[in-house]
Amino acid sequence: MKPRVTVIVPNYNHASFLDMRLKSIFNQTYSDYEVIILDDNSSDDSISVIEHYINNSHVSQIIYNKTNSGSPFVQWSRGFLLAQGELIWIAESDDDCDPRFLEKLVCEFDKDEKLSFAFARSVKMDELGKKYNILQPMFPADLHMNGKQFIKKYLIWGNKVWNASSVLFKKDYALSVNPQYKNFRGAGDWLFWIEMSEKGNVSVISEPLNYYRLYNSNTTNRMRLLGEEDIEDRNIYCYFERKGYISRLDKCRLLKQYAYNIRYNNNYQSSDIRQNSLKLWNFSIIIRFLGYLTYLKYGRYKK
């Protein structure tokens, strides 16, 4: 019989975290799942870690890429096609989770056949595994709502899902998403959750069951330094405009937010990169002034 859940573990050079991650999957209280491990041509000891689990009964496939795909979202898509389960969990190889993670999220799909995806709140974790901050304070209680309303209330303001490891979603819906998300390096997950929200309902579990590892060398931080994050944010903003998700008031507030973050953000590698990001958005004088007022009120943006 096919498993109900497919756990996709995309890995690239996370040998130091991979054993902990795989143990967190195999120690789940929910047991009806298969595991597909996709190594993207790692140059560290990832293969030797993976080989320890080759005979685990839950492991259905292990694939080692001969060349790096260049994008985690290409690996996602590949996993979708290989998955046997009706539900998918992308368990990123440097994260961790509570043993009840799958049990809690699968229950959400038992309650609502129109559910597109469900996610739990995340806890920040450093490189050594120390947990230090609960994320997503905008979800103090469990939530269930229409996906398009979820976009308008939450996703236009940023990727409030935060971490793919925190989400369980329907495979059929994922396979029907426009593959344009694979062209992104950092914000592809944000676009993916937007399109998944358009296909059904969304549930949020307020209990922090996902442990999200953040450290200086990860992709998000590198993209921020080089201004690449601003380019992708701009593309997603244009998507919202085309789809009619942004009201006039929301547009003003969003542009003010972007103007403030770019002008007063100290995470850029150079002033030239900052200037290129400002030109990319082509903020009006009014929006720049509103951003400056925000700076006067709240002070300089800090890491």
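**Exercise 1.** In this predicted model, classify asparagine 159 as buried or exposed, and state where it lies and which residues it contacts beyond its sequence neighbours.

*Solution.*
1. The relative accessible area of asparagine 159 is 17%.
2. Buried means under 20%, so asparagine 159 is classed as buried.
3. Asparagine 159 belongs to the loop between helix 5 and strand 9.
4. Apart from neighbours within four places in sequence, its contacts are Asp189, Trp190 and Trp193.

**Exercise 2.** Determine the relative accessible area of leucine 155 and list the residues that leucine 155 touches.

*Solution.*
1. Leucine 155 is located in the loop that connects helix 5 (147-153) with strand 9 (167-170).
2. Its relative accessible area is 0%, so leucine 155 is buried.
3. With residues up to four places away in sequence excluded, leucine 155 touches Phe150, Lys160, Val161, Trp190, Trp193, Ile194, Ser197 and Phe240.
4. Arginine 121 is 34 residues from leucine 155 along the chain, and the two C-alpha atoms are separated by 15 Å.

**Exercise 3.** Describe the burial of strand 1 and how strand 1 pairs with strand 2 and strand 4.

*Solution.*
1. In strand 1 (residues 5-11), seven of the seven residues are buried.
2. Val5, Val7, Val9 and Asn11 point one way, while Thr6, Ile8 and Pro10 point the other way.
3. Strand 1 runs parallel to strand 2 (residues 33-39), joined by seven bridges; asparagine 11 stands opposite aspartate 39.
4. Between these strands the chain passes through helix 1 (residues 15-26), in a right-handed β-α-β crossover.
5. Strand 1 also pairs with strand 4 (residues 87-90) in the parallel sense, over four bridges; here valine 7 stands opposite tryptophan 89.

Note on methods. Residues numbered from 1 in each chain as written. Predicted model: local features only at pLDDT ≥ 70, side-chain atom pairs only at ≥ 80, totals over all residues. Heavy atoms only, no water. Helix = DSSP H or I, 4+ residues; strand = E, 2+ residues; numbered from the N terminus. Buried < 20%, exposed > 50% of the residue type's maximum accessible area, 1.4 Å probe, protein only. Contact = heavy atoms within 4.5 Å. Pairing = 2+ DSSP bridges. Right-handed = clockwise from strand over helix to strand, strands pointing away.
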